[in-house]
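Please open the model in your viewer and keep the sequence panel beside it. The stops below can be selected one after another.

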Amino acid sequence: MMRFLVFSWCIFIVGNAYVQLPIDSIPINQIRIIASHNSYKKKPHPKVLRFLKKFQDKLGDQNNPDFIDYGHLPFSEQFDNYGIRGIELDVNYDPKGGQYKRRRVNLFLFGQRQRLKGKALKKPGFKILHISDVDFETNYLTLKSALEALKSWSDLHPDHFPIYINLEAKGSHPADESKALKRLGFKKCIPFDRRAFLDLEQEISATLSPDQIFKPSDFKKSYSSLQERVLAEGWPLLEEVRGTFIFILEGNNKHLYRTFERPLFFQYGNQSDANTVFLLRNNPIASEREIRELNSEFIVRTRSDAGSVESRSNNYDTWNAALRSGAQIISTDYYKADERWSSYKIGFKNGFFELLRP
């Protein structure tokens, strides 16, 4: 099947026959989008990368500095210029404020400030960063500033395609793994507890309007579970979720969130859980067949690249496996090529989404 995007209508060419469908009448699990990974992140300062490279043999293969040598544009540019319709936010709990006010690796780097000017990192609230004291450059220091950027864009585009927001509740930083780094002043991660998840819901609800959040209760309607709704009615149509954000939780202590009676977020989980409709399968090469078997009932998120590996080698094998798998959310760091390495970049030829045959 060939796929074309024609404004609010979709034209399928099946054999010699043309089939025209209004896209708003298509269930969202039959629409595939590109998402960005660690979408807030900027590239680390070159001095930081050079410093880490000196200790690469001691860091181990899992902590290769090459893996963090990527960055992203502000959300509005991702959405407007590259058709991104999914993002990822790493949320770090900081109920008292000041937990992440220092950038400790800069202690070893001449001319690099350990503290930022301003009070944003000193105030209580969730902070947006990848790895405390190491990979901290970000377009949005706080969750509130990230949400304000999302709301501003959404207000300007009220009928936008829904934006999937992958919320990762961070549970570990280098100081959690190394007593030596803790003694040097590197900060441990504050684990998420029930209070943290309540605060997270409150911060999001205080910034976005209620009609900008598509909640599990909106999905479930009067059914006993999310999966029962899928079996009875299928997935929501695009027209039901236009102009909204769909939050999906993963990460530290997320099992605590399952006790919430009316949650604001969906969760990635196991297909045997009646209230799981989003699945993570980050390696499409290993999971290609499984994803194809799951994507009629679930929305599956996978990745086309990781750790700058595919960009450096200009290798599309993982991307091609993701396409073949039928995963509906394909996450990438390279909607825009990093020309330091290659021309590798990810995107659909005919628009910002593709349709999947039901």
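The tour begins with the whole chain, then goes through selected strands, helices and loops.

**Before selecting anything**

This is a predicted model, in which local features need pLDDT of at least 70 and side-chain atom pairs count only at pLDDT 80 or more, while totals for chains, interfaces and linings use all residues. Residues are numbered from 1 along each chain as its sequence is written, and side-chain values use heavy atoms, with hydrogens and water left out.

**The whole protein**

Show the complete chain as a cartoon: the protein has 13 helices and 13 strands, where helices (H or I, at least four residues) and strands (E, at least two) are DSSP runs numbered from the N terminus. Its C-alpha atoms fill a box of roughly 65 × 45 × 40 Å along the principal axes. The radius of gyration is 21 Å, which agrees with the value near 21 Å for a compact globule of 358 residues; this radius is taken over C-alpha atoms, and the globule rule is 2.2 Å times the number of residues to the power 0.38.

Of the 358 residues, 50% count as buried, where buried means under 20% relative accessible area, exposed means over 50%, and partly exposed lies in between (1.4 Å probe, protein chains only). A surface display would show about 17,000 Å² exposed, with carbon and sulfur atoms supplying 51% of it; such areas come from the Shrake-Rupley method with a 1.4 Å probe, and for residues only the protein chains shown count as cover. Among contacts (heavy atoms within 4.5 Å) between residues at least 6 apart in sequence, 72% join residues at least 24 apart.

**Strand E11 and its partners**

Select residues 299–303, strand E11, where 5 of the 5 residues are buried. In a regular strand the side chains alternate between the two faces of the sheet. Here Ile299, Arg301 and Arg303 point one way, while Val300 and Thr302 point the other way.

Add residues 278–280, strand E10, which pairs with E11 in the parallel sense over 3 bridges; two strands pair if DSSP finds at least two bridges between them. Leucine 279 has valine 300 in E11 as its bridge partner. Between these strands the chain passes through helix H11 (residues 284–294), forming a right-handed β-α-β crossover, a term that applies if, with the strands pointing away from the viewer, the path from the first strand over the helix to the second runs clockwise.

Next select strand E12 (residues 329–332), which runs parallel to E11 and is joined to it by 3 bridges; arginine 301 stands opposite isoleucine 329. Both faces of E12 are covered, with Ile329 and Ser331 buried on one side and Ile330 and Thr332 buried on the other. E12 is also joined to E4 by 4 bridges, again in parallel, and isoleucine 34 has isoleucine 330 as its bridge partner.

**Serine 304**

Is serine 304, the next selection, buried or exposed? It is buried, with a relative accessible area of 0%, and it is found in the loop between E11 and H12. Leaving aside neighbours within four places in sequence, its contacts include Glu310, Thr318, Trp319, Tyr344 and Ile346.

**Two helices with a buried face**

In helix H13 (residues 317–325), select Thr318, Trp319, Ala321, Ala322 and Ser325, which are buried. Seen down the axis of H13, these buried residues fall within an arc of 160°, so they line one face of the helix; the arc is that of the directions from the helix axis to the C-beta atoms. Their cover includes strand E4 (31–36), H11, E11, helix H12 (309–313) and E12. Glycine 326, which follows H13, has a positive phi near 85°.

Now move to helix H1 (residues 46–54), whose buried residues are Val48, Leu49, Phe51 and Leu52. They cover an arc of only 160° around the axis, which puts them on the same side of H1, whereas the face turned away from that buried side carries the exposed residues Arg50 and Lys54.

**Two loop residues with positive phi**

Most residues other than glycine have a negative phi. Lysine 221, although not a glycine, has a positive phi of about 55°; it lies in the loop between helix H8 (216–220) and helix H9 (226–233) and is partly exposed at 43% relative accessibility. Asparagine 253, also not a glycine, has a positive phi of about 55°, lies in the loop between strand E8 (245–251) and strand E9 (266–267), and is partly exposed with a relative accessible area of 25%.
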